[in-house]
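Hi,

Here is the model I said I would pass on. Have a look at it first, and my notes on the strands follow underneath.

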Amino acid sequence: MGALTGVGTSPIRKGAVVDGFLVGDLIHTGGMASLRAVTRGDIRMPLLMKIPTLLEGEDPAAIVGFEMEQMILPRLSGPHVPTFVAKSDVSVHPYIVMERIAGKTLLLRLDDLPLPYEEVAAIGAKVATALDDLHRQHVVHLDVKPSNIVIREGTGDAALVDFGLAHHDQLPDLMGEEFRLPYGTAPYMAPEQILGDRRDARSDLFALGVLLYFFSTGVRPFGDPKGKRALRRRLYRDPVPPRKRRADYPLWLQEIVLRCLEVDPAQRHPTAAQLAFDLSNPAETKLTGRSERLDKDPWSAVIRRRFHPDFARATPRPAILAQVSTAPIVALAIDLAESESPLHEALRDTAARILETVPGARVACLNVLRQHRIALDKTLDEEGRNKHLTRLVELKHWGRPLSLLENRITFHVLEATDPAAAILEYVRSNRVDHVVMGARANSALRTLLGSVSGEVVAKAPCTVTVVRLPRPFEKASEAASETERNTP
Amino acid sequence: MRIAFMADLHANREALEACLAHARSQSADRLVFLGDYVNYGADPEWVVETLLEHVEKGGIAIRGNHDEAVGERARTMSSPAEVALEWTRNQLGPAHRAFLAALPIAHEEEGLLCVHADAAAPFRWSYVTDAEDAARSLRATESHLTACGHVHKPALYNVPVVAGRAAKTTAFRPVAGVPVPLLPRRRWLAVVGSVGQPRDGNPAAAYALFDAARGEITTFRVAYDIEAAAGKIRAAGLPAMLADRLAWGL
């Protein structure tokens, strides 16, 4: 095993063939690595080869970051990361080959700032969705910033690139162990990351909050500090509220952005999925004092924080995946059209039991307002009431006994012709972890309409609990003979 | 090539059987035993017989401190250990003892060093329990991977091979079943855990599997019939704490 000497004169240059990869043009040269286009006959997708900068006397973090990426990238999959293809083995010239994502990085949007609020929210929701996927794969990115986010052509999905500073909670953390100074990108680093904690998934939510603030106001909330002392300022000095910069700044967006930028991770959204949920459902965002703030905290408060930093105390944090799984999104789908109040009650009881075991859960109560397939639905019923609004009121009435804090429960009336499809669509787009719904007892109606719960159970990408009212037990022989009779 | 590393068997037949079956299911094609086959457990004879079979088939076995102690008289060991050692001596025949006494202190091949304890002084049987101990052991070898036992708690240490920089040794507690890539520009020290007497709070038997082609090592935790193993220890009249600790993994 050779020492890391003289690799600066890398033979990986245009026209060379390295382990079957034909090396093409230089795409990018950064401080830590350069990127080249490469091709190999048996692989169709466009490829990138990442080659670390390994000059003698260079920042040793460059090679350690590269090693981290060599470990982490092969473990990741899905649309929110570049597909891993190959890595150098014991070859003298280290490299990683990965998918060259067709799309643009968010860095290219900097000239257009500030962007319209809705666009910022849409971008934010995509990035939060990508982060949720990453966190579920045991990884905190720790370097979320515009240049590390690519919006894929076609699907529009956000993909995260560059895992050189990332932390995988099932692999050795070389970056954290070998360097005492925290690594990161100064404008975007979360307070706990500055203090050396690399294990909190919510650090990525802070960085995304910085990006959202920047993209919606055109100004970075903490500037671009140089030096350790300037970097630590964000531990006690809060940013200028966005509404002070733009008078028409929406309350919901300020609420979301300032929640991301909370110094204490426990005050932020518990998961990226919950942040994505808020960004996708602005009207449902629970507003707090944050939303209306027009000024920074007074100096007295800042000085108090500066010299009595509660936060600086290291608190033990759960593993990344544990953080995600203790704060699931639970959807309660209730059929209010059916006047089966015992089933409604049973559904609520089951929901309450589930929520008791996961206090971090976020609840979305769903009801489908059926539209007729052919006739154009009137929005008003016979008595002239708005049907949608009436349903919403009923839904909230149903959910009230769950007595959840307002920021933990939201209510949604979906208008659709096919209830199962509407519920499934909601589950997919909001990354719901668990659906709780009732099963119709009336078999005649079920035969007529098909079982909504059956279809949701079959097709949902998550856990589904179907609540059924207990029925009297039949003797096995009777049940069997009934089945026989029903067989045509 | 997939090498299963098994250490600290301690005469626990049930645990060894479970680990051997697991290694077969993982397509391990080589077995390397890292010492301490006897003492504490109730099946020293069966374990040594099994070891003999595997060594005849090309498996590697090196010597541990308990394997050495069984061939000697009156060494200073903790008290229940000494009682059990005396019992073990009476269980083993001359052929078994000769086999244990003849075991090599280390095994070395391309890129791989196998020892029971600290590679810096294998005869001293020092424990490698933290990054500092690991750094000392890693300085003593050029091998890409050092595999050892002795500590009964799985751990994975590494140090970068860098010229001109005081490199820091990194400690890591491996997650069962999750492969860790052994990056090429580092030296790695795997403490593979104990088959027959785990002491990290998890009573499941531990061993490690190294996939040479992928350059990855995985620690596995294997469930086995603890009650049976503990029951035999009690039935043999061995100190009860040797049975109790199996259930706790301490």
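**Strand notes**

A hairpin joins β3(A) to β4(A) through two residues. Helices (H or I, at least four residues) and strands (E, at least two) are DSSP runs here, numbered from the N terminus. Before going further: this is a predicted model, where local features need pLDDT of at least 70, side-chain atom pairs count only at pLDDT 80 or more, and totals for chains, interfaces and linings use all residues. Residues are numbered from 1 along each chain as its sequence is written, and chains are lettered from A and ligands numbered from 1 in the order in which they are written.

Back to that hairpin: β3(A) and β4 (residues 43-52) run antiparallel, joined by seven bridges, and strands count as paired if DSSP finds at least two bridges between them. Leu47(A) in β4(A) sits opposite Val38(A). Val38(A), in β3(A), also has Val23(A) opposite. Val23(A) brings in β2 (residues 21-29) of chain A, which pairs antiparallel with β3 (residues 33-40) over five bridges. Those two make a hairpin as well, with three residues between them.

Further along, there's an open, parallel five-stranded sheet in chain A, ordered β14-β13-β12-β15-β16. Its edges are β14 (409-416) and β16 (463-467), each pairing on one side only. On average, neighbouring strands are turned by 20 degrees against each other, direction ignored; axes are lines fitted to C-alpha atoms, for helices over the stretch in contact, with angles from 0 to 180 degrees between N-to-C directions. Inside this sheet, β12 (residues 329-333) and β13 (residues 362-370) share five bridges, and Val330(A) has Val363(A) as its bridge partner in β13(A).

Cheers
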